[in-house]
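Colleague: I have just opened this one and would love a friendly walk through it. Could you help me find my way around?

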Amino acid sequence: MKIVQIHQNTEQSALLNIGGKVLEKPLINRINYHFYKYKVMRNKQYGFIPQKTTIDAIMEAEMFIEPVLEKRGFVIKTSLDVKGAFEAASWTSTLHGLKEFNCPKNLYNISKVYFSNRTAVLTMNNFSETRRSTKGCPQGSFCGPGF
């Protein structure tokens, strides 16, 4: 599977080819189905979950905060945004997590192959450089948020 790596203004992004996208959608759908069926996902997770939106997360926060404020209590909100999380995503950790949560063997093996022998190609003008990729999720990837 080939990932094309493009550099613009010191930012990096990767584009996945059509074959990769065709494989990704059913793969991540089957993995998610397994996780939902066996209740591996937590009810309080809102990011990257089908039929859950930021509005759901806000409503949940409001239901927690409102009674505390009515009693003149204090609420402290903490937010975390990990810069470069998709670029630094560990394939080894992802595969370990799939195994730990008893992902069906066929889906685990496809995921393992999906992460193997990947390359990044940098092309600028007449220059092209190919390197082996060992981590990260391509931009526009269906599997990226799921993994």
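Modeller: Happy to help; what follows is a set of questions and answers on this predicted model.

Colleague: Let's start with the overall layout. In what order do the helices and strands come along the chain?

Modeller: The chain holds 5 helices and 4 strands. Reading from the N terminus on, the order of the elements is β-β-α-α-α-α-β-β-α.

Colleague: What share of the contacts between residues at least 6 apart in sequence join residues at least 24 apart?

Modeller: The chain has 147 residues, and 26% of them count as buried. For contacts between residues at least 6 apart in sequence, the share that joins residues at least 24 apart is 58%.

Colleague: Now the helices. Are α1 and α4 parallel, antiparallel, perpendicular or oblique to each other?

Modeller: Two packed helices are described by the angle and the distance between their axes. Here α1 covers residues 18–37 and α4 covers residues 105–114, and their axes come within 10 Å and cross at roughly 140°. Roughly antiparallel would need an angle over 145 degrees. The crossing angle therefore makes the arrangement of α1 and α4 oblique.

Colleague: And which residues of α4 make the contact with α1?

Modeller: The crossing of these two helices, α1 and α4, is left-handed. On the α1 side, the contact comes from Leu-23, Glu-24, Leu-27, Arg-30 and Ile-31. By class, the contact of α1 with α4 has 6 nonpolar, 1 polar and 2 charged residues. The α4 residues that take part are Leu-107, Ile-110, Ser-111 and Tyr-114.

Colleague: How does α3 lie relative to α4: parallel or antiparallel?

Modeller: Helix α3 spans residues 91–100, and it packs with α4 at an angle of about 175°, their axes being 10 Å apart. An angle over 145 degrees counts as antiparallel in rough terms. So α3 and α4 are roughly antiparallel.

Colleague: Which residues of α4 does α3 use for that contact?

Modeller: From α3, the residues in contact are Leu-95, Leu-98 and Lys-99. By class, the contact of α3 with α4 has 3 nonpolar, 1 polar and 2 charged residues. On the α4 side, the partners are Tyr-108, Ser-111 and Lys-112.

Colleague: I would like to look at His-34 next. Which residues does His-34 touch, not counting those up to four places away in sequence?

Modeller: His-34 is part of helix α1. Its relative accessible area is 9%, so His-34 is buried. Its C-alpha is 9.8 Å from that of Leu-107, although His-34 and Leu-107 are 73 residues apart in sequence. Beyond its sequence neighbours up to four places away, His-34 touches Phe-101, Asn-102, Cys-103 and Pro-104.

Colleague: Asn-102 turned up there. What is the phi of Asn-102?

Modeller: Asn-102 lies in the loop between α3 and α4, and at 59% relative accessibility Asn-102 counts as exposed. Most residues other than glycine have a negative phi. Asn-102 is not a glycine, yet its phi is positive, at about 55°.

Colleague: What about Asn-117: where is it, and what is its phi?

Modeller: Look in the loop between α4 and β3, where β3 is 118–124. With a relative accessible area of 58%, Asn-117 is exposed. Asn-117 is not a glycine, but it has a positive phi of about 50°.

Colleague: Let's turn to the far end of the chain. Which residues is Phe-142 in contact with, leaving aside neighbours within four places in sequence?

Modeller: Phe-142 sits in the loop between β4 (127–133) and α5 (143–146). At 36% relative accessibility, Phe-142 counts as partly exposed. Phe-142 and Lys-25 are 117 residues apart in sequence, but 5.8 Å apart in space, C-alpha to C-alpha. Leaving aside neighbours within four places, the contacts of Phe-142 are Lys-21, Glu-24, Lys-25 and Ile-28.

Colleague: One last thing, about cysteines. How many disulfides are found in the whole structure?

Modeller: Take Cys-137, which is buried with a relative accessible area of 17%. The closest cysteine sulfur to that of Cys-137 is in Cys-143, 8.4 Å away, which is too far for a bond. Cys-143 is also buried, at 0% relative accessibility. A search of the whole structure gives a number of disulfides of 0.

Note on methods: Residues numbered from 1 in each chain as written. Predicted model: local features only at pLDDT ≥ 70, side-chain atom pairs only at ≥ 80, totals over all residues. Heavy atoms only, no water. Axes fitted to C-alpha atoms, helices over the stretch in contact; angles between N-to-C directions. Parallel < 35°, antiparallel > 145°, perpendicular 65-115°, else oblique. Left-handed = near helix turned anticlockwise from the far one by under 90°. Contact = heavy atoms within 4.5 Å. Nonpolar A, V, L, I, M, F, W, Y, C, P; charged D, E, K, R; others polar. Disulfide = S-S within 2.5 Å. Buried < 20%, exposed > 50% of the residue type's maximum accessible area, 1.4 Å probe, protein only.
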